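Q: Please take a close look at a single part of this chain and work outward from there. I would like one connected account of what pairs with it, what packs around it and what is tied to it.

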Amino acid sequence: MMTPIMSLHNIDVSEFLAVLDTCKGNVFLVTHEGDKLNLKSKLCQLVGLTRLIEGGKISEAFIVCENKEDESKLFRFNLLGESTKIA
């Protein structure tokens, strides 16, 4: 079973999407309501991010990855904003 690796909050959406494009495995956005969207899908990205944006702010959600390298990559992005250093 996959476990949430980070809480999603206060992110630069365009940089986050660029990092998602570099992920090798599936990356899921999971909300507190139980919604689970595969962020490797452009349609799910649109639906998921639209759903999260409330009043111009990103509400809280969690990221779950199938690939350990992707977990590390997204964790560094969330913690340090290292999108330009991620290959």
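**The β2–β3 hairpin and its surroundings**

A: Between the strands of the β2 and β3 hairpin there are four residues, and Gly34 takes a positive phi near 95° in this hairpin. The model is a predicted one, and what follows is a reading of that prediction.

The hairpin belongs to a chain with three helices and six strands. Along the sequence, these elements come in the order β-α-β-β-α-β-β-β-α. The chain has 87 residues, and 36% of them are buried.

Consider the pairing of β2 first. With β3, which covers residues 36–38, β2 pairs in the antiparallel sense over three bridges. Within that pairing, Val30 has Lys36 of β3 as its bridge partner. β2 also pairs with β6, again in the antiparallel sense, and here over five bridges. Two residue pairs give the register between β2 and β6. Val27 has Cys65 as its bridge partner in β6, and Thr31 stands opposite Ala61 in β6. β2 therefore has two strand partners to account for, β3 and β6.

Burial comes next. Four of the five residues of β2 are buried, so the strand is mostly covered, where buried means under 20% relative accessible area. The partner strand β6 is mostly covered as well, with four of its five residues buried. In a regular strand, side chains alternate between the two faces of the sheet.

What lies in the interior around these strands? The largest nonpolar core holds 13 residues, and those with the most contacts inside it are Phe16, Leu20, Val27, Leu39, Ile63 and Leu74. Two or more residues of this core come from each of α1, β2 (27–31), β6 (61–65) and α3 (68–80). Val27 thus appears twice in this account: as the bridge partner of Cys65 and among the core residues with the most contacts.

Helix α1, residues 13–21, has Phe16, Val19 and Leu20 buried. These three cover an arc of only 105° around the axis, and so they are on the same side of α1. Phe16 and Leu20 are also among the core residues with the most contacts. As background, an α-helix has 3.6 residues a turn, so residues three or four places apart point the same way.

The charged contacts come to three salt bridges. One of them joins Lys24 and Glu69, with the closest N and O atoms 2.8 Å apart. Lys24 is in the loop between α1 and β2 and Glu69 is in helix α3, so this contact ties together parts that are 45 residues apart in sequence. Glu69 has a relative accessibility of 49% and counts as partly exposed, while Lys24, at 61%, counts as exposed.

Another salt bridge is formed by Lys42 and Asp21, whose closest N and O atoms are 2.7 Å apart. Lys42 is in helix α2 and Asp21 in helix α1, so the pair links distant parts of the chain, 21 residues apart. Asp21 is partly exposed, at 48% relative accessible area.

There is also a salt bridge inside α3, between the side chains of Glu71 and Lys68, at 3.8 Å from N to O. These two residues are three apart in helix α3, and about one helical turn separates them. Their surroundings are unlike in one respect: Glu71 counts as buried at 17% relative accessibility, whereas Lys68 is exposed at 65%.

That leaves helix α2, which covers residues 42–52 and includes Leu43. Leu43 counts as exposed at 60% relative accessibility. Together with Leu46 and Val47, Leu43 forms a nonpolar patch on the surface, with about 310 Å² of accessible area for the three together. Leu49 is also found in α2, but Leu49 is buried, with a relative accessible area of 8%. The C-alpha atoms of Leu49 and Leu37 are 9.9 Å apart, with the two residues twelve places apart along the chain.

To return to the starting point: β2 pairs with β3 over three bridges and with β6 over five, and it is one of the elements that give two or more residues to the largest nonpolar core.

Terms used
Residues are numbered from 1 along each chain as its sequence is written. This is a predicted model: local features need pLDDT of at least 70, side-chain atom pairs count only at pLDDT 80 or more; totals for chains, interfaces and linings use all residues. Side-chain values use heavy atoms; hydrogens and water are left out. Patches are made of residues with over 30% relative accessible area and no salt bridge: like charges are joined within 9 Å, nonpolar side chains (Val, Leu, Ile, Met, Phe, Trp, Tyr) within 5 Å. Accessible areas come from the Shrake-Rupley method with a 1.4 Å probe; for residues, only the protein chains shown count as cover. A salt bridge is a side-chain nitrogen of Lys or Arg within 4 Å of a carboxyl oxygen of Asp or Glu. Buried means under 20% relative accessible area, exposed over 50%, partly exposed in between (1.4 Å probe, protein chains only). The arc is that of the directions from the helix axis to the C-beta atoms. A nonpolar core is a set of buried Ala, Val, Leu, Ile, Met, Phe, Trp, Tyr and Cys residues joined through side-chain atoms within 4.5 Å. Two strands pair if DSSP finds at least two bridges between them.
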